[in-house]
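Biologist: I'd like a close look at one helix and the cysteines around it. Could you walk me through that part?

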Amino acid sequence: MPEETQKQGQATPEQVDAWKAKYGVVFAYTADDKICYLRKPDRMTLNYASRLQNDPLKSNELLIKNCWLGGWDGFKTEDEYFFGLNNKLKEIIQVKQGELSKL
């Protein structure tokens, strides 16, 4: 069985477990041989990001900055990697759907 190669920015299993204990859900984003970790945003972060609706890139930069747990920093600084991560941010905003009924 081939050994899995270490990705740039890869956290230890213990670090991932610590993040999960603190934040619940942890997301890993990979591109090429690089990886970063994000937590789901809280209401305060989403509130700040929504104030920047007219500037979607600034809004997403704020989301990345505030949800960042660790990993390869190039995802925040190198445009082609930032834009790739940028396209996945909607997936970290989890919404529980319910039903509304008139009584």
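Modeller: Sure, starting with a cut-off: a disulfide here is a pair of cysteine sulfur atoms within 2.5 Å. By that rule, a search of the whole structure finds 0 disulfides. Bear in mind that this is a predicted model: local features need pLDDT of at least 70, side-chain atom pairs count only at pLDDT 80 or more, and totals for chains, interfaces and linings use all residues. Residues are numbered from 1 along each chain as its sequence is written, and side-chain values use heavy atoms, with hydrogens and water left out.

Why no bond for Cys36? Its closest cysteine sulfur is in Cys67, 11 Å away, and that is too far for a bond. Cys36 is also buried, at a relative accessible area of 0%, where buried means under 20% relative accessible area, exposed over 50% and partly exposed in between (1.4 Å probe, protein chains only). Cys67 is buried too, at 0% relative accessibility.

Cys67 brings us to helix H3 (56–67). Helices (H or I, at least four residues) and strands (E, at least two) are DSSP runs, numbered from the N terminus. The expected span of a helix is 1.5 Å times one less than its number of residues, so the 12 residues of H3 should span 16 Å, and the end C-alpha atoms are indeed 16 Å apart.

Which residues of H3 are buried? They are Ser59, Asn60, Leu63, Ile64 and Cys67. These cover an arc of only 135° around the axis, which puts them on the same side of H3; the arc is that of the directions from the helix axis to the C-beta atoms. What they pack against is E2, helix H2 (43–50), strand E3 (68–71), helix H4 (74–77) and H5.

Take Ser59 in H3: with 10% relative accessibility, it counts as buried. Contact means heavy atoms within 4.5 Å, and outside its neighbours within four places in sequence, Ser59 touches Ala49 and Leu52.

H3 also feeds the largest nonpolar core, as do strand E1 (26–31), strand E2 (34–39) and helix H5 (79–86), each supplying at least two residues. A nonpolar core is a set of buried Ala, Val, Leu, Ile, Met, Phe, Trp, Tyr and Cys residues joined through side-chain atoms within 4.5 Å. This one has 16 residues, and Phe75 and Leu85 have the most contacts inside it. Beyond four places in sequence, the contacts of Phe75 include Cys36, Trp68 and Leu85.
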